[in-house]
Amino acid sequence: MPTAGRPVTTRTRRRGTGQRVPVALLVPAALGLLFLVLPLGGLLLRTPWTALGPRLTAPGVLTALRLSVQCATLATLLCLALGVPLAWLLARVEFPGRRWVRALVTVPLVLPPVVGGVALLLVFGRRGPVGGWLDATFGVTLPFTTTGVVLAEAFVAMPFLIIAVEGALRGVDHRYEEAAATLGAGRWTTFTRVTLPLVAPGVAAGAVLCWARALGEFGATITFAGNYPGRTQTMPLAVYLALETDVEAAVVLSLVLLTVSVLILAGLRDRWITGP
């Protein structure tokens, strides 16, 4: 029990509850940890470390890696251009149906990626309302192209950016923006000179998460853009194809994706993990 005159802080309570762990909780917790860690350990054990260099420099691997990085970067830029204003709208503007808009924005988080790819195909395909107009007016075809990869990745990754930026906007002290408005700054000047610098860490974190999600996208990409080497075959698609012909190549590509994921989570851990 805490001594008299000593406040019971969160840290005190955390230490007190962490001294004795019930076996009934420890055993399933350990099994859950093993369930998550063992597959990753198996991937590391099966990695051909001696042939890692030649495998990484193989033409097909380098092409898939370069295409993945390019498409994920372009998708992130597209998400920044569209997602930051949308996050600001959800965080700062009261309008009818805002809850429904927020729900629709987060749908891709729970929607099966293949379903997202089908939806993109129905809208942006040659027979879709937008895709048909683009094809008839400008001769632009989006499905089964590199641009289609970018759109598919942006569709599934944008919610990560919007959620991060909206949370950052809600945590900003409005007095700075009010002071800028009092000094005569317009809305656009206040947004670019005051609001954006204040939420820059949240925007950066959301962009990194968005980029990582785009890099690992599979279902929507293969459905909407196909699996054409050098044009739409990103690393996840190359892993899927390599499993049928070259298991070692699939393991090497999987290791690259795992390394990127771990580095990103390690770099952003302080944004959602509270230290002891």
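How are helix 4 and helix 11 oriented to each other: parallel, antiparallel, perpendicular or oblique? The legends below take up that question first and then visit other parts of this predicted model.

**Figure 1. Helix 4 packs against helix 11.** Here we look at residues 59-92, which form helix 4, and residues 200-215, which form helix 11. Their axes are 8 Å apart and make an angle of about 140°. Angles over 145 degrees would count as roughly antiparallel, and the two helices are therefore oblique to each other. The handedness of this crossing is right-handed. On the helix 4 side, the residues in contact are Ser-68, Val-69, Ala-72, Thr-73, Ala-75, Thr-76, Cys-79 and Leu-80. Facing them from helix 11 are Val-203, Ala-207, Cys-210, Trp-211, Ala-214 and Leu-215. Sorted by class, this contact has eleven nonpolar residues, three polar ones and no charged ones.

**Figure 2. Helix 4 also meets helix 13.** Helix 13 is built from residues 235-245, and its axis comes within 8 Å of the axis of helix 4. The two cross at roughly 150°, which makes helix 4 roughly antiparallel to helix 13. To find the contact in the structure, look for Ala-64, Leu-65 and Ser-68 on helix 4, together with Met-235, Pro-236 and Ala-238 on helix 13. Five of the residues in this contact are nonpolar and one is polar, with no charged residue taking part. You may recognise Ser-68 from the previous figure, where it belongs to the contact with helix 11.

**Figure 3. Gln-70 is a residue of helix 4.** With a relative accessible area of 43%, Gln-70 is partly exposed. Which residue, 164 positions away along the chain, is shown with it? That is Thr-234, whose C-alpha atom is separated from that of Gln-70 by 9.8 Å.

**Figure 4. Phe-144 sits in a loop with a positive phi.** The loop in this view runs between helix 7 (129-138) and helix 8 (146-170). Phi of Phe-144 is near 60°. This is a value to pause over, because most residues other than glycine have a negative phi. The relative accessible area of Phe-144 is 35%, so this residue counts as partly exposed.

**Figure 5. Two stretches carry a transmembrane annotation in UniProt.** The unreviewed UniProt entry lists several transmembrane regions, among them residues 65-91 and 144-165. In the model, residues 65-91 are 100% helix and 0% strand, with 36 Å between the C-alpha atoms at the two ends. Residues 144-165 are 91% helix and 0% strand, and here the end C-alpha atoms are 31 Å apart. The same list also includes residues 21-45, 103-124, 194-214 and 249-268.

**Figure 6. The annotated domain is set within the whole chain.** According to the unreviewed UniProt entry, residues 65-266 are covered by the annotation "domain: ABC transmembrane type-1". This span is 80% helix and 0% strand, and its end C-alpha atoms lie 22 Å apart. Stepping back to the protein as a whole, there are 14 helices and zero strands. The C-alpha trace spans about 75 × 60 × 30 Å along its principal axes. Of the 276 residues, 33% count as buried. Among contacts with a separation of 6 or more, 72% join residues 24 or more positions apart.

Methods:
Residues numbered from 1 in each chain as written. Predicted model: local features only at pLDDT ≥ 70, side-chain atom pairs only at ≥ 80, totals over all residues. Heavy atoms only, no water. Axes fitted to C-alpha atoms, helices over the stretch in contact; angles between N-to-C directions. Helix = DSSP H or I, 4+ residues; strand = E, 2+ residues; numbered from the N terminus. Parallel < 35°, antiparallel > 145°, perpendicular 65-115°, else oblique. Left-handed = near helix turned anticlockwise from the far one by under 90°. Contact = heavy atoms within 4.5 Å. Nonpolar A, V, L, I, M, F, W, Y, C, P; charged D, E, K, R; others polar. UniProt positions renumbered as here; feature names shortened; annotations may be inferred. Buried < 20%, exposed > 50% of the residue type's maximum accessible area, 1.4 Å probe, protein only.
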